[in-house]
There are 2 protein chains.
Amino acid sequence: MQLTQGLKRARSLYGRRVAVTCGTRNFTWEQLVDRIARLAGALRGLGMQSGDRVAMLGENSHRSIEFYYGPCWGGGVFVPLNPRLSEAEVLAQLGDAEPMALILDPAFAGRAAKFLAEVPSLKAVIVAGDDPAPPPGAHSYEGLVAASGPAADAGRGGEDLAALFYTGGTTGRAKGVMLSHANLFVNAMNTLVNARLESPPTQLHAGPLCHLAAGGRVFTNTLAGGRHVMLARFRPPELLQLIERERVTGMSIVPTMIGMLLAEPSLQTADLSSLRTINYGGSPIPEPVLSRFMAHLPQVDFGQSYGMTELSPIATHLTPADHRRGGARLRSAGRAVAAAEVGIMDDADRLLPSGEVGEVVIRGPIVMAGYWRQPELTARVLRDGWMHSGDVGYLDEEGYLFIVDRKKDMVVSGGENIYSLEVEDAIHCHPAVAQCAVIGVPHETWGEAVHAVIVLRPGHSLDAAAVIEHCRLHIASFKCPRSVELRVDPLPLSGVNKVNKALLRAPHWEGRQRGVN
Amino acid sequence: MQLTQGLKRARSLYGRRVAVTCGTRNFTWEQLVDRIARLAGALRGLGMQSGDRVAMLGENSHRSIEFYYGPCWGGGVFVPLNPRLSEAEVLAQLGDAEPMALILDPAFAGRAAKFLAEVPSLKAVIVAGDDPAPPPGAHSYEGLVAASGPAADAGRGGEDLAALFYTGGTTGRAKGVMLSHANLFVNAMNTLVNARLESPPTQLHAGPLCHLAAGGRVFTNTLAGGRHVMLARFRPPELLQLIERERVTGMSIVPTMIGMLLAEPSLQTADLSSLRTINYGGSPIPEPVLSRFMAHLPQVDFGQSYGMTELSPIATHLTPADHRRGGARLRSAGRAVAAAEVGIMDDADRLLPSGEVGEVVIRGPIVMAGYWRQPELTARVLRDGWMHSGDVGYLDEEGYLFIVDRKKDMVVSGGENIYSLEVEDAIHCHPAVAQCAVIGVPHETWGEAVHAVIVLRPGHSLDAAAVIEHCRLHIASFKCPRSVELRVDPLPLSGVNKVNKALLRAPHWEGRQRGVN
């Protein structure tokens, strides 16, 4: 079970058809596989050994697809990094993953020397622009691909590590989710079962490929022989133009994108008649938003997915047939994909019958191998083969999963998971702060926005703008609070002496339902 | 990747729905899984250790489904045997597989003592009838299931051995095809992708479950949450009644069955409106037969599959959309399933471009682990990960596979693969025979019939009836020649001094195409 096999199959079946469209450029499957084999050859030439990591920091492009396969082809492991992270966060993840090479978008080329100096594992920094001339202190991606011979596939597969995907760490330390070839391959098969394809699709990668929510579709689409259409960054007018120009048949998006598309004037005039399937998931979607979108695209099969990076990433699916039937199950996350069991457990790890609320647990070949170099953290979430999601929910009589609360304190804003503890850590290091709690509050566009509740030390003063300014020094801008509330009284505590965030959230969510995925 | 996981998933999603219908009996998923766990418990109680084999000799019944999962649940390996084999053949396979237990239909109960005496590995013989009282010298299946507690799942999966399926050996020795959990699981996913299910199907198991052509659908249907409807043995009127009574939605059959159904008068009156999908494969189908059947069932999605036991078993698929398009590709075997690569190789194991004829080779997670205890034979067909099918064919520009000759000399009669060398071995041991060659000749009902061409020793005489009678002593009746030709001249030889069977076949196939699957 090798990820690269899907690629070779697509080359064999569709060799001269277009595999990737990126701006005005097109690459056939033969060209794509050739570039991937050359990238693998270049990485081997730079010293990549079996199991070595290769990281990439950049926006979506045809090189993102090559990066999803190239290191694996050469026997390595790919590690996508989020270009929206702060430099300190990127350095922390690089220090943790210890990649032998780092591929950078030209926008980050200026940091090449710094990365080389501060990440001892790095043997090479590669700038992934169109210029084949090597930039100072770095290699040129195009230069390497042109100069290298195609490597033979290293033949890794099955339980061999294929990728590390970083997710924000609740303890402050980022978690590298270890996914094997089998993990990602089985996820692709699960999603292919749900795709019901009659002919090769044209799939728009609208979400950032540094996240597996978008990235998982790369493998599905390759197995389907579909054309990959790249969007560097989500902007509603560009997305609509791209659908029209490239006759896109499918895409996978987060609810926030749906809201932004509905607000985009050109939605009314864009020709979206080519669209056949839209998958969404990753955060709650308000029913009126979904209804309006479905009504605007009556020919489209809508599917919803629930999962997490640790599940490669999709665990349940609400099918197009479920969407057409409508009713209460539209608020569910659907049912277990073919190669997964989904259960609900109580605090003693006993499976609960349908209707009872508990922690959502998942078992099967999609469950990650563990967290990179964090065996204790792994043991905390993987027990008896069951991945403990941290989400709370229940199953109905026919196995439909309803999430009643997501990972308790996580804020999902614009499809990004923001861990409240991480934001709190940033706030806490300001000397004026005595206590703080970060919660998600409703936001029309982003689903939720980060809100901080702060108690100051006696004799200190601080305003909201200063808090946000302070946070920007430590964490990515999208994680910083959008609003700040300063309190005099201590924060309310729960039974186990933790801040009772449910109580803090309650007034903001009055009359609304939070956390139904 | 555990076969039993699909079962647990189905219990969780569909617990109180019917899982198996066998005659007038119905078992829910909860009941089925309970019986399987008890069967596993009973086998452990009888001494089954991890990796131990358990064989079964019987017609299709609800116990066949239990047998597909029970040994695996308890950590063992299931070995289905063909009830149409001669006792000597069964004994040879038992001697090769060395099972710790043998499950017999009541029709074979009289042989329990003989099997126990002649197969030293056997710790128990179990008679799978309805009577809970133990027959002499044997255990009662129902008695064991009633008395045993449900075992915990042993947790085997991935590359662990799940099953041995015997295929006729060209060298006279039967080959036990070793299939892992991952092999059979991935095949189920591949076929699920092609199934395009909107709601759980009702699948009729029309073919014998001792063959993986029929058996593979057991795992697919469980993953789909479908009801298994059992047919003990294929007879057209019973099959049609069963479809009508149980509102069957899908079945998988061989072309011979299609021919027999078309010849069955009650086809015209049977209510087959519930049927949605029919998969066929395993032997050539004459185009007029397929056209007539498709015309009779216009609402049905037809799919064709090509494969072999060594491929778990399905490697290519001709989709319903391909069938609707019609044309020359209706004579193809379709294209590679999602988790497989299909190629054509020359005699030096070099992959050939599309259009060129060579040996059909397949790579991917569906390729068997090897032949049981026959590493040399395994090495002969598995080279560099590619399974060498022994079939000859080509791929067209879009990857459609055309088989131009099947395993050169194999006779496919009524869906059974009959190896000509095995029949020749039987004939050859008659003292009057100097030379012989067995070929397939066209047969209206069976697709092909076994035909023997014999040169007698000088001074000897023999007639056709005596040849057939002699064969019956050595091989199963269905493998014996249906017609015999006695020659005076020596048989024609090919370039490498083998009998030129193509030349022998030619006059029989004049004006017809043989071997297009």
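**Chain A: domains, a sheet and a helix pair**

Let's start with spacing. In chain A, the C-alpha centres of domain 2 and domain 3 lie 29 Å apart. Keep in mind that this is a predicted model.

Where do those domains sit in the sequence? The assignment for chain A puts domain 1 at 3–233, domain 2 at 343–405 and domain 3 at 418–509.

Now the sheet. Chain A has an open sheet built from 9 strands. Read across it, and the order is 2-1-11-10-12-13-14-15-16. The pairing is mixed. Which strands are at the edges? They are strand 2 (25–28) and strand 16 (335–336) of chain A, and each pairs on one side only.

Let's look inside the sheet. Strand 10 of chain A covers residues 202–205, and strand 12 of chain A covers residues 250–253. These two run parallel, joined by 2 bridges. Find Leu204(A): its bridge partner in strand 12 of chain A is Met251(A).

Next, a helix pair. Helix 10 of chain A spans residues 255–262, and helix 11 of chain A spans residues 287–296. Their axes are 10 Å apart, and the packing angle is about 60 degrees. So helix 10 of chain A is oblique to helix 11 of chain A. The crossing of these two helices of chain A is left-handed.

Which residues meet? From helix 10 of chain A, take Pro255(A), Ile258(A), Gly259(A) and Leu262(A). Facing them from helix 11 of chain A are Val289(A), Arg292(A) and Phe293(A). What is the mix in this contact between helix 10 and helix 11 of chain A? It has 5 nonpolar residues, 1 polar and 1 charged.

Conventions:
Residues are numbered from 1 along each chain as its sequence is written. Chains are lettered from A and ligands numbered from 1 in the order in which they are written. This is a predicted model: local features need pLDDT of at least 70, side-chain atom pairs count only at pLDDT 80 or more; totals for chains, interfaces and linings use all residues. Two strands pair if DSSP finds at least two bridges between them. Helices (H or I, at least four residues) and strands (E, at least two) are DSSP runs, numbered from the N terminus. Domain bounds come from an automatic or database domain assignment. Axes are lines fitted to C-alpha atoms, for helices over the stretch in contact, and angles run from 0 to 180 degrees between N-to-C directions. Angles under 35 degrees count as roughly parallel, over 145 as roughly antiparallel, 65 to 115 as roughly perpendicular and the rest as oblique. A crossing is left-handed if the near helix is turned anticlockwise from the far one by less than a right angle, and right-handed if clockwise. Two residues are in contact if their C-beta atoms, placed from the backbone, lie within 7 Å. Ala, Val, Leu, Ile, Met, Phe, Trp, Tyr, Cys and Pro count as nonpolar, Asp, Glu, Lys and Arg as charged, and the others, Gly among them, as polar.
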